[in-house]
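Here is a short briefing to read with the structure open beside you. Take it topic by topic, and rotate the view as you go.

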Amino acid sequence: MEPKQVELNISGMTCDGCAEHVRRALEGVPGVRAVVVPGWQEGRASVVADDGLADEALTEAVTAAGYGAQISSRSALAERAGAVRTGESEVDLMIVGSGSAAFAAAIRAAELSYSALMVERGTLGGTCVNVGCVPSKTLLRAAETYHRATHSRFAGVRPRGADLDWGMVIGEKDELVGRLRREKYERVLEAYPSIGLVRGQARLTPEANVEVDGRVYCPARVLLAAGAHPYVPPFPGADGVEVLTSTEALALSERPASLIVIGGRYVALEMAQMFARFGTRVTVLQRSDRVLPDHEPEIAEALTGYLREEGIEIYTNVCILRLRQDGQEKVVEAQVDGVASVFRAAQVLAATGRRPNTEDLGLEAVGVEVNERGAVRVDAGMRTTNPRVYAAGDVTGPPMFVYLGAAEGKRSAENALLGMQESLDRSTIPAVIFTDPQVATVGVTEAQARAEGMDVKTATLPLNYVPRALAARDTRGLIKLVADAESARLLGAHVLAAEAGEVVQTATMALRVGMPVQSLTDTLFPYLTQVEGLKLAALAFDRDVGQLSCCAG
Ligand SMILES: Cc1cc2nc3c(=O)[nH]c(=O)nc-3n(C[C@H](O)[C@H](O)[C@H](O)COP(=O)(O)OP(=O)(O)OC[C@H]3O[C@@H](n4cnc5c(N)ncnc54)[C@H](O)[C@@H]3O)c2cc1C
């Protein structure tokens, strides 16, 4: 049965929760295929439904949920698509890329009963599954397991040591990557007949159509989800020295005896600790005066100390002067705090950021603007400066996280295909660095808040106040909370702890609903969990946590 698209005006919505109620009410109507309710402020909803569904069923469902509803327009989906098409469109949404942003957009298009065609010049699945999140996190966990086999925190548990088979470690990583690519990308593609894939290099034509290796496709809308690539600054001498990027470092067939990591942000620190724990002698060279320059200084300083305790050499205020090859060794000549220094290692890894893949896309001719770092400029609704072209994911610049790219992909497909201009809620974007201990943050740091003129108060809790950390004999870390000085509303949470990534999500929910610190302290947290540290940190705003009993009652 041909689907239709129905637009409704909704009255009575006063908050995000209302928009959610309306969405659920509409989704519960038999024959409804997809529902989009932009923020409650817009007072409307878009529904894709079977053509035979009576409009009254929709208005009645909304009324039963306690809101007012009126049909503002309806159209057969084919007509609707026709209205946005130019010339001989073969597909509703053409997507450059097949990574997380592209897949989220393609699946949303399919749910809305539109067709999507992805173009991929490399490996299906893009960065996250092939050369990013998945391989790096499984290798980090392998390194942690190896490290724990030789470093017990319990005097009564004597480690016996462990054998390292590098080939097998890399083989297991490759097996996981291959399996997840099949299950999460190839099979998903097979499950949606309205999503297609063409292989090749895509480029936009001046008419905002898409040329793939000589063939021109005429889609109704285009989504750029072309991702980013590792950026290596043009260090003098780098031409004559093979410098690794994270992609190559994750695939080395031999473990290097020594490694210089240039950079001090998340990829640099994850790679540094991973190789160090596998037995590589690691030196980190960071340009700024500390690693993680955008994080809370207490966290950067503590993590630096823990990494140094594991034998990683960390230098800050480093200015790289020249790279050169000396026999089997790679040499980095630099100034550290203004003093000439020379570093030598078997391999050099540049973890110096990522730049959007926008160079060969033909953007200028089609009027799609990029910023000074090559990132596609988009408005709040993910639309570029050409109204037929949208962009999502790493191609739009930082922050570059797979879950953010996927959310942007989904939202941009809705906006592009349903003619909406709905923005994405970016107020609470959690971020995790998978070192051990992990760094997890959400919301503003103290410095960011003050720079924005906010009047804030902070509370910092060392992890040796958290019973879970004491029981695990791992009290490395701290929790720092930032709150509005007057209303005590939580504005930021910054956690350095084992499994901090699991802790921060509770803070993310608290931030999302605008929770005051008091509500955190009034909430029951299970004893002994790491997340209990959030409650203890919240209590530290006005109590001496050293005087609390064990359950922080
Ligand atoms: C080492 C590392 C670790 C990471 N760890 C994490 C993590 O733990 N958590 C997290 O959230 N994020 C992590 N990230 C970031 C995350 O992987 C990216 O944010 C995410 O994968 C980006 O998805 P995307 O869809 O925007 O782009 P991509 O996945 O990069 O997809 C873009 C695709 O477009 C293709 N393409 C580009 N140009 C063209 C063209 N002209 N024609 C055809 N095809 C083209 C590319 O080949 C690529 O496959 C990590 C990244 C790295 C490098």
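The notes below go through two sheets, a helix pair, a pocket and some backbone details.

This is a predicted model. One four-stranded open sheet is antiparallel, and another four-stranded open sheet is parallel. The second largest pocket has a volume of about 1,200 Å³.

**The antiparallel sheet**

- The strand order in this open sheet is β2-β3-β1-β4, with antiparallel pairing.
- At the edges are β2 and β4 (68-76), each of which pairs on one side only.
- From one strand to the next, the twist averages 20 degrees.
- Four bridges link β2 with β3 (residues 44-50) in the antiparallel sense; if you want a place to look, Val 35 has Val 47 as its bridge partner in β3.
- Helix α1 packs on this sheet, where it touches β1 (3-11), β2 and β3, and its direction makes about 170 degrees with that of β2.
- Helix α2 (residues 55-64) lies across β1, β2, β3 and β4, and runs at about 150 degrees to β4.

**The parallel sheet**

- Here the order is β15-β14-β13-β19, again in an open sheet of four strands, and the pairing is parallel.
- β15 (313-315) and β19 (347-350) are the edge strands, each pairing on one side only.
- The twist in this sheet averages 15 degrees from one strand to the next.
- Strand β13 (residues 258-262) and β19 run parallel and are joined by four bridges; Leu 259 finds its bridge partner in β19 at Gln 347.
- Helix α9 (residues 266-277) lies across β13, β14 (281-285) and β19, at about 165 degrees to β14.

**A helix pair**

- Two packed helices are described by the angle between their axes and the distance between the axes.
- For helix α6 (residues 133-148) and helix α7 (residues 166-191), the angle is about 145 degrees and the axes are 10 Å apart.
- The crossing of α6 and α7 is right-handed.
- On the α6 side, the contact is made by Val 134, Pro 135, Thr 138, Leu 139 and Ala 142, and on the α7 side by Val 169, Ile 170, Lys 173, Leu 176, Val 177 and Leu 180.
- By class, the residues of this contact are nine nonpolar, one polar and one charged.

**The second largest pocket**

- With a volume of about 1,200 Å³, the second largest pocket is lined by 35 residues, and the closest to its centre are Glu 20, Arg 411, Leu 424, Asp 425 and Arg 512.
- At least two lining residues come from each of α1 (16-27), β2 (32-36), α12 (402-418) and α15 (500-512).
- The lining comprises 15 nonpolar, seven polar and 13 charged residues.
- Two of these elements also figure in the antiparallel sheet: β2 is one of its edge strands, and α1 packs on the sheet.

**Backbone details worth a look**

- Most residues other than glycine have a negative phi, and most peptide bonds are trans.
- Pro 398 and Pro 399 are joined by a cis peptide bond, with omega about 0 degrees; Pro 399 sits in the loop between β21 (389-391) and α12.
- A cis bond also runs from Asp 436 to Pro 437, where omega is near 0 degrees; Pro 437 belongs to the loop between β22 (431-433) and β23 (438-443).
- Asp 337 is not a glycine, yet its phi is positive, at about 50 degrees; look for Asp 337 in the loop between β17 (329-336) and β18 (339-345).

Key:
Residues numbered from 1 in each chain as written. Predicted model: local features only at pLDDT ≥ 70, side-chain atom pairs only at ≥ 80, totals over all residues. Heavy atoms only, no water. 1 Å grid on protein atoms, 1.4 Å probe; cavity = no way out; pocket = protein on both sides within 12 Å on 5 of 7 lines; lining within 4 Å. Points joined across faces, edges and corners; volume = space filled by probe spheres on them. Nonpolar A, V, L, I, M, F, W, Y, C, P; charged D, E, K, R; others polar. Pairing = 2+ DSSP bridges. Axes fitted to C-alpha atoms, helices over the stretch in contact; angles between N-to-C directions. Contact = heavy atoms within 4.5 Å. Left-handed = near helix turned anticlockwise from the far one by under 90°.
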